[in-house]
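Please open the model in a viewer and colour the chain by secondary structure. The tour proceeds one selection at a time.

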Amino acid sequence: MIKTLVSPCSGFGSQKLKFDRSGKKVKPRAVRMELTITQPDDWHLHLRDGDLLQAVVPHSASNFKRAIVMPNLKPPVTTTEAAVTYRDSIMKALPHGSSFDPLMTLYLTDKTHPDEIKLARESGVVYAVKLYPAGATTNSQDGVTDLFGKCLPVLEEMAKQNMPLLVHGEVTDPSIDVFDREKIFIETVLQPLIQRLPQLKVVMEHITTMDAVNFVESCKEGSVGATVTPQHLLLNRNALFQGGLQPHNYCLPVLKREIHRQAIVKAVTSGSKKFFLGTDSAPHERTRKESSCGCAGIYSAPVALSLYAKVFDEAGALDKLEAFTSFNGPDFYGLPRNSSKITLKKAPWKVPENFSFSFGEIIPMFAGETLQWQPFSK
Ligand SMILES: NC(=O)N[C@@H](CC(=O)O)C(=O)O
Ligand SMILES: [Zn+2]
Ligand SMILES: [Zn+2]
C-alpha cells in the first residue's frame, strides 16, 4: 500500500507556491511519504562467521525475512553437512525473537559430486549452489577451474533436482580487462551453459553491465534471473576515485561506467520479474579495506532498503519497488512470498560513520551521509 500525500513540507522544508508561465497556480506535486510493502528478502548476502557473523546478522535480520547466504567462508561451505552446521551458527547469532530464515547454499568446486546435490535437496536447508570461478573474488580460490570439463554431471543433477546455480559471472583470465570480465563471461560461459542445459535455473549475481541486463532480458522468464545490489544502482566507477582512492566503494564485480548503471536502473524499475533484490552486503573489517591490498566487498545491510527506495523514488517508480524487493525473488525460487509487512517512511536519517566492535570497525556504505527513506518493521 502506498500512501500518497501532498506533503505539507517537501523534504521537511516548507513547500513554496509555484506558478506556471501564464501566472496560473501549479498544483503541488504529490510526494510519497510512506510505503507499506511485503517484507523483503535478500537473495545474495554474506554473513561470514565467528565475531563478524555476530556483528552483522542483526542488521540483515531487522529488515529482511529470508536471505540466500553465500558459502565463501574459510574453508568454504562445500557440503550439505557444513551448510547445516553453518545454519545452526547463524541461528544462534540471531537476536532474541528474530524470525529471520537463512537459506543456505553450497560452494561448487571441481570435485563436487552429483550425490551432494541429492543430499542438498533432501536436507531442506540448501536452496542453491554457487559458482565462483577460481580466483574471481573474495575466498574463491577453491572455486571452479573448468566448468564444462569438471562440473557437467553436477550441473545435470542440479537441473534434475531443480536446484538453481548462482553465478559470480566474471572470467578470471588476466589478459581480459577487469571492466570486461562480466561481458566475456556471458559470451564464453553463460550462453553456452544455458544452451547446453536449458532446464537449469541460473541466477546471475550482482549484475553490473548493460550486457548482463540484455542477456537476462533475452532469456526465458523463470529460467534465468539476476540479483542487483544497491551500489551498482547508485554508483558508477567514478565513485572509486572521487577525491582520492575510495576503498569502501570497491567491490567485485567492480563498478562500471554510468551507461551501465543507467541500464541496470532501467531494468529494475521496468517491472520485469527477472530482476530481484540481492544486496551482496559483504563486510570486511576496516583495516582489511583500508589497506595496501584492500579486500573487495561493500557493507550495505544497514542501508540497503533505504538505498533501493531512493533508486525507485528518484526514477519515479516507487510502485515497482515491492515486486523487486519482495515478489520476484521468491517467485523465481518457487518459494512463498512473505506474509509480514514493513513500512518505509520518508524521514531523513544519518548513516553511522562506522560500526564498532571488539575486533574492529565495519564501515557501512554511504557512511555519514543523510538518506531519506527509513524502514520500520511491524
Ligand atoms: N562482492 C564482493 O566484492 N565481495 C564478496 C564476494 C562476491 O560476492 O563476489 C565478499 O565475499 O567479500
Ligand atoms: Zn560475487
Ligand atoms: Zn557476494
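Helices in this tour are DSSP runs of H or I with at least four residues, strands are runs of E with at least two, and both are numbered from the N terminus. The model is a predicted one.

**Confidence.** Begin by colouring the protein by pLDDT. The average is 94, and 95% of the residues score at least 70. For the complex, the predictor reports an ipTM of 0.99 and a pTM of 0.94. Next select residues 5-15, where pLDDT stays under 50. For this stretch the model has 14 contacts beyond four places in sequence.

**The annotated span.** Select residues 42-353, which an unreviewed UniProt entry annotates as "domain: Amidohydrolase-related". The C-alpha atoms at the two ends of this span lie 23 Å apart. Helix makes up 39% of the span and strand 14%.

**Around the ligand.** Which residues surround ligand 1? Select His-46, Asn-72, Thr-137, Thr-138 and His-168, then add Cys-251, Leu-252, Asp-280, Ala-282, Ala-296 and Gly-297 to complete the shell. By class, the shell divides into four nonpolar residues, six polar and one charged.

**Two cis peptide bonds.** From Leu-252 in the shell, move to the peptide bond that joins Leu-252 to Pro-253, which is cis with omega near -10°. Pro-253 is placed in the loop between helix 8 (230-234) and helix 9 (258-268). Then select Lys-74 and Pro-75: the bond from Lys-74 to Pro-75 is cis, with omega near -5°. The loop that holds Pro-75 runs between strand 8 (66-69) and helix 2 (80-93).

**A positive phi.** Now select Asn-139, in the loop between strand 10 (126-131) and helix 4 (147-150). Asn-139 is not a glycine, yet its phi is positive, at about 50°.

**A helix pair.** Finish with helix 6 (residues 181-196) and helix 7 (residues 210-218). Two packed helices are described by the angle and the distance between their axes. How do the axes of helix 6 and helix 7 cross, and within what distance do they come? They come within 8 Å and cross at roughly 35°; the crossing is left-handed. To display the contact, select Glu-182, Lys-183, Ile-186 and Leu-190 in helix 6, which meet Asp-211, Ala-212 and Phe-215 in helix 7. The residues of this contact divide into four nonpolar, no polar and three charged.

Note on methods. Residues numbered from 1 in each chain as written. Chains lettered and ligands numbered in written order. Predicted model: local features only at pLDDT ≥ 70, side-chain atom pairs only at ≥ 80, totals over all residues. Near = placed C-beta within 6 Å. Nonpolar A, V, L, I, M, F, W, Y, C, P; charged D, E, K, R; others polar. UniProt positions renumbered as here; feature names shortened; annotations may be inferred. Axes fitted to C-alpha atoms, helices over the stretch in contact; angles between N-to-C directions. Left-handed = near helix turned anticlockwise from the far one by under 90°. Contact = placed C-beta atoms within 7 Å. pLDDT = per-residue confidence, 0-100.
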